[in-house]
Amino acid sequence: MQVRLNRYLSMCGVTSRRKADDLIKQGRVKVNGEVVRSLGVRIDPDTDRVEVDGKEVKPPKKRYVILNKPSGYLTQLGTSPDGRRTIQELIKDIPERVYPVGRLDYNTEGLLLLTNDGELANRVLHPRYKLPKVYVALVKGVVPKNKLRKMRAGIELEDAFAKPDDVKILRYEGPRTWIQITFHEGRKHIVKRFLARFGHPVVKLIRVAIGPIRLGDLPKGKWRDLTGREIGRLFKAVGLKYSPQEVKG
Ligand code: URA
């Protein structure tokens with residue numbers, strides 16, 4: 001796929017697109033050994049060699065990380081103006097700038113995927129690719145088994161209809177119930193709103209899987225790189241082809 005040269009330079013972290021145009025005008029950029037001064041030039045990152053001041057530039061390697069987000073952290077990079085903790089402090093030792101794929105609420109725990117691969121992130125989130133996100137929720141009340149059928153049929157929420165891909169009771173804990181519920185869409189507070197509409201407000205919410213990726217026994221607050229196998233499965237699940245040489249490892 002071809003991209004404009006200024007965009008490629010910004011993708012590679014050389015500079016902003018606008019400043020990349022200045023570098024091009026100054027004759028500091030070569031494509032396949034030739035100085036390029038025209039601003040509209042497009043290049044193919046897979047086959048063209050781009051240099052700035054005689055040094056080859058390449059896009060950063062792709063990185064795919066999962067974090068076990070604890071409750072009490074905002075899903076955002078950088079700091080929060082209100083002083084609440086953010087996941088930034090948990091991933092500060094990752095040198096690549098990886099972005100969270102979707103959000104977990106401040107008090108939701110569990111599996112958060114982070115990557116610098118925008119295409120993969122879009123597909124993980126887009127309902128069209130139907131990638132299931134599996135949650136375990138502790139809810140108020142004893143959920144009777146016969147309510148599951150109604151839940152499976154879906155319900156109208158304030159913004160739109162919501163229908164889980166699956167819902168089941170895991171166990172009862174006194175006056176509360178542990179439920180496993182799966183949605184392939186990531187609308188804001190969807191699990192909490194959905195279960196509250198059935199009269200069972202969520203007390204605790206944990207995301208345990210995103211498609212083929214499982215949280216497993218990753219300790220709370222810790223991150224790890226996905227294995228090559230996991231990346232391959234995730235790509236397949238959203239209809240992408242995986243090329244291991246682009247991945248940091
Ligand atoms: N649904 C919610 O209600 N909260 C989350 O954090 C994720 C899904």
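Hi everyone, let me start right in the middle of things: Asn 68 sits opposite Leu 111 of strand β9. Before I go on, please keep in mind that this is a predicted model.

So what is around that pair? Asn 68 belongs to strand β7, residues 64-69. This strand is joined to β9, residues 108-115, by six bridges, and the two run antiparallel. β7 also has a partner in β17, residues 223-225, again antiparallel, this time with three bridges. If you want to find that contact on the screen, look for Val 65, whose bridge partner in β17 is Asp 225.

How many of the six residues of β7 are buried? Six of the six are, so the strand is largely enclosed by the rest of the structure. You can check that face by face. On one side you have Tyr 64, Ile 66 and Asn 68, on the other Val 65, Leu 67 and Lys 69, and all of them are buried. Yes, that list includes a lysine, Lys 69.

Let's move to another sheet. This one is open, with four strands in the order β3-β2-β5-β6, and the pairing is antiparallel. Which strands are at the edges? They are β3, at 34-35, and β6, at 55-56, each of which pairs on one side only. Strand β2, residues 29-31, meets β3 over two bridges in the antiparallel sense. To see the register, find Lys 30, which stands opposite Val 35 in β3.

Now for the charges. The model holds 16 salt bridges, and I'd like to walk you through three of them.

The first on my list is Arg 49 with Glu 56, where the side chains meet at 2.8 Å, N to O. Both ends are partly exposed: Arg 49 has 39% relative accessibility, and Glu 56 has 35%.

Next comes Asp 159 with Arg 187, a salt bridge at 2.8 Å, N to O. This pair links distant parts of the chain, 28 residues apart: Asp 159 lies in the loop between β11 (155-156) and β12 (161-162), while Arg 187 lies in the loop between β14 (176-183) and α5 (190-197). Are the two partners buried or partly exposed? Asp 159 is partly exposed, with a relative accessible area of 45%. Arg 187, however, counts as buried, because its 18% relative accessibility falls under the 20% cut-off. These two residues also belong to a network of salt bridges, in which Glu 158, Asp 159, Glu 185, Arg 187 and Arg 193 are linked.

My last pair is Glu 230 with Arg 224, and here the closest N and O atoms are 2.9 Å apart. Glu 230 is buried, at 12% relative accessible area, whereas Arg 224 is partly exposed, at 26%. If the number 224 rings a bell, that's because β17, the strand we met beside β7, spans residues 223-225.

Finally, let's look at the surface. Which residues form a positive patch there? Arg 4, Arg 7, Arg 17 and Arg 42 do. Of these, Arg 4 is found in strand β1, residues 3-4, and counts as partly exposed, with 38% relative accessibility.

That's my tour, from Asn 68 and Leu 111 out to the arginines of the patch. Thanks for listening, and I'm happy to turn the model around for anyone who would like another look.

Key
Residues are numbered from 1 along each chain as its sequence is written. This is a predicted model: local features need pLDDT of at least 70, side-chain atom pairs count only at pLDDT 80 or more; totals for chains, interfaces and linings use all residues. Side-chain values use heavy atoms; hydrogens and water are left out. Patches are made of residues with over 30% relative accessible area and no salt bridge: like charges are joined within 9 Å, nonpolar side chains (Val, Leu, Ile, Met, Phe, Trp, Tyr) within 5 Å. Accessible areas come from the Shrake-Rupley method with a 1.4 Å probe; for residues, only the protein chains shown count as cover. A salt bridge is a side-chain nitrogen of Lys or Arg within 4 Å of a carboxyl oxygen of Asp or Glu. Lys and Arg count as positive and Asp and Glu as negative; His and the chain ends are not counted. The place of a charge is taken as NZ of Lys, CZ of Arg, CG of Asp or CD of Glu. Buried means under 20% relative accessible area, exposed over 50%, partly exposed in between (1.4 Å probe, protein chains only). Two strands pair if DSSP finds at least two bridges between them.
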